[in-house]
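Reader: Could you walk me through the terms used for this fold, and what earns each one?

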Amino acid sequence: MSEFKSEFLKTLSERGFIHQISDPQGLDELCAKETVTAYIGFDCTAPSLHAGSLVPIMMLYWFQQTGHRPIALMGSGTTRVGDPSGKDESRKLLTEDDIEANKAGIRKVFEKLLTFGDGPTDALMLDNADWLLKLNYVDFLRDIGRHFSVNQMIQRDSVRLRLEREQHLSFLEFNYMLLQGYDYLEIYRRTGCRLQMGGSDQWGNILSGVDITRRLESVEVFALTSPLLTTASGAKMGKTAAGAVWLNDEQLSAYDYWQYWRNTEDADVERFLKLFTVLPMDEIARLAALQGSEINEAKKILATEATALIHGREKAEAAAETARKAFEEGEMAQGLPTVEIPKADLEAGLGILNAFVTAGLCASNGDVRRNIKGGAVRINDKAEQDDKRQLGPNDVTADGVIKLSLGKKKHVLLQPV
């Protein structure tokens, strides 16, 4: 581990957040001697951020915790263009109403992790639409565009990889780098911001901002990126077979969120405890040393601590208790995810294949059949081996539900209405 002096870079380094820094020594000295302002941008492409966005959010959290001022930049301006980084095709263009609704959704998570206000280390929330939508195109090209080298732009990963794969790259997307670079300049002028952070796929875009700000303001500003995370088995962070692991309640329940972290692979436990909880490092070292079946206790602590940060301690502990009852006591826990079905469908006979697909436990009828054959399908805690089985009113328990289970960890309640 590098010998950083500043508490911020020490913390990020020991927890595994650092991939690249434009000038490590310069940034370390700056953070050690004064209160620094840093920002990370989040485009408004969905109504919630997902678990893959947690690394940059936690970077802002630790930045504030170590005595600095974080800025969460809402990218409702750049969302109108679309970031080509790491993508093989153009983003779907959203309406202004969609973008505003998405912005309202993703703002929620920051209020849980950052303290906003007027103090020297209180967080700010800005929106790049405030300056990007007012730009005069010809003035922008003359004042900003002339400082960007197309030779360099086509060497940036976000552009180069798309061109190498011979995938379409629109001129609209090609402009994204200019706009993100201009964001850094504008935020520096408004707030004195000296650091932009982001995922490693943003390195080229961030360096564009560093360069334009240095040129036009004659000031040293910095770039810091985190590694792009995959799980030990190579899966993308924040994605499951069932879809994205959303951070907002409306998109994903606290229980399902808890389950995502509980199902962490053994090899990822220590890394995820460092990145996605605020537990002290000595406690993380203790949990990481657990072996064999004991590692499940570390996974439960990871799940509860990670869920508490996003959903609150009460919901996190309720999710842990629901899981304990469902898996350890075999009870019909009412905290499990519930899917409503029409009573008429049940009275007419609901096929087991349809039931498991409707509940979201399997992706297709073939998927259900494979799981039945593999002995993973249970109805009201009893193994089921007949893929032609029909669920009916007699399967409804005294709790008024039918419990569907896939393996030991995935459970959904069907509730006739």
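Author: Here come a few labels, each set against its definition. This is a predicted model, where local features need pLDDT of at least 70, side-chain atom pairs count only at pLDDT 80 or more, and totals for chains, interfaces and linings use all residues. Residues are numbered from 1 along each chain as its sequence is written, and side-chain values use heavy atoms, with hydrogens and water left out.

Reader: What makes strand S2 mostly covered?

Author: Buried means under 20% relative accessible area (exposed is over 50%, partly exposed in between; 1.4 Å probe, protein chains only). In S2, residues 37–43, 6 of the 7 residues are buried, so "mostly covered" follows from that cut-off. Strands, by the way, are DSSP runs of E with at least two residues, while helices are H or I runs of at least four, numbered from the N terminus.

Reader: Why are S2 and S3 called paired?

Author: Two strands pair if DSSP finds at least two bridges between them. S2 and S3 (residues 69–75) have 7, in the parallel sense, so they qualify. One of the bridges sets Ala38 against Pro70 in S3.

Reader: How do you know that S2 also pairs with S5?

Author: S5 (residues 195–199) shares 2 parallel bridges with S2, so the pair meets the rule of at least two. Ala38 stands opposite Leu195 there.

Reader: What makes S1 and S4 edge strands?

Author: The open, mixed sheet runs S1-S6-S5-S2-S3-S4. S1 (20–21) and S4 (124–127) each have a single partner strand, so one side of each lacks a neighbour in the sheet.
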